[in-house]
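Colleague: Could you take me through one part of this model, slowly, as if I were new to all this? I'd like a close look at the place where the ligand sits.

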Amino acid sequence: MHGHTDETERLAEQILAYAEDRFRLEGASAVYAENQALRWISDLAGFPARAGGAFVQGGTTGNLSALVAARHTAAANRGGERPARWKVAATSQAHSSGKRAARGMDVDVLEIEPDAEGRLRGGALREAL
Ligand SMILES: Cc1ncc(COP(=O)(O)O)c(C=O)c1O
């Protein structure tokens, strides 16, 4: 700090250190609250105890995050072995942001015929694969 006394400088440093501590504490509270809310939602959905996640802003970012996490998990389940091309299965009813996310991840989209209610069903997926 130019043109200030040592005392002013020390005071400014103390204020900044205090603010940093406050942010760290409040950040930890937010992470705790997020984990609690995710646990509650996971339990309601019947997901296993090891299920977790993160809240993100907006559906587009959520879809991208979910697809990146799914690819990461799929790679781990295959012992780190990766296919020549990853594919995401979706029906024509899927939100366009999913296809954009796949394009951004350089992943192919496998279009599946939806059932009469617009759902992607296992049988149709098996057939397409
Ligand atoms: C399934 C789904 N994905 C993505 C989006 C896009 O959300 P956003 O505009 O918040 O990115 C929507 C919006 O309705 C949605 O329903």
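How do the residues of the shell around the ligand divide into nonpolar, polar and charged?

Modeller: Happy to, and keep in mind as we go that this is a predicted model. The split is an easy one to remember: the shell has 6 polar residues, no nonpolar ones and no charged ones. The names to look for around the ligand are G58, G59, T60, N63, H95 and S97. If the two glycines surprise you in a polar list, that's just the counting used here, because Gly is put among the polar residues.

Now, where does that shell come from? Helix α2, which covers residues 59-77, gives the most to it, with 3 residues. So let's follow that helix for a moment. α2 has 19 residues, and from its first C-alpha to its last it reaches 26 Å. At 1.5 Å a residue you'd expect 27 Å, and the value in the model is close to that. Just after α2 comes G79, which takes a positive phi of about 65 degrees.

Pick A70 as a sample residue in helix α2. A70 counts as partly exposed, because it has 13 C-beta neighbours inside 10 Å. To be called exposed, a residue may have 12 or fewer of those neighbours, and to be called buried it needs 20 or more. A70 is also a handy point for taking distances. Its C-alpha is 25 Å from that of E117, 47 residues away along the chain. Go the other way to D6, 64 residues from A70 along the chain, and the C-alpha atoms are separated by 54 Å. D6 lies in helix α1, residues 6-45, and it is exposed, with 8 other C-beta atoms within 10 Å.

Let's step back to the whole chain. The protein has 4 helices and 2 strands, and from the N terminus on they run α-α-β-α-β-α. The radius of gyration is 23 Å, well over the 14 Å that the globule rule gives for 129 residues, so the protein is more spread out than a compact globule. You can picture that with a box: along the principal axes, the C-alpha atoms fill roughly 75 × 35 × 30 Å. Buried residues make up 3% of the 129 residues. As for contacts between residues at least 6 apart in sequence, 30% of them join residues at least 24 apart.

Two more stops along the chain. D106 is in the loop between α3 (96-104) and β2 (108-112). Its phi is near 60 degrees, a positive value in a residue other than glycine. D106 counts as exposed, because it has 8 C-beta neighbours inside 10 Å.

The other stop is L125, in helix α4, residues 122-128. L125 is partly exposed, with 14 other C-beta atoms within 10 Å. Leaving aside its neighbours within four places in sequence, L125 is in contact with A89, I112 and L120. And here we get back to where you started: the C-alpha of L125 is separated by 24 Å from that of T60, 65 residues apart along the chain, and T60 is one of the residues around the ligand.

Terms used. Residues are numbered from 1 along each chain as its sequence is written. This is a predicted model: local features need pLDDT of at least 70, side-chain atom pairs count only at pLDDT 80 or more; totals for chains, interfaces and linings use all residues. A residue is near a molecule or strand if its C-beta atom, placed from the backbone, lies within 6 Å of it. The expected span of a helix is 1.5 Å times one less than its number of residues. The radius of gyration is taken over C-alpha atoms; the globule rule is 2.2 Å times the number of residues to the power 0.38. Two residues are in contact if their C-beta atoms, placed from the backbone, lie within 7 Å.
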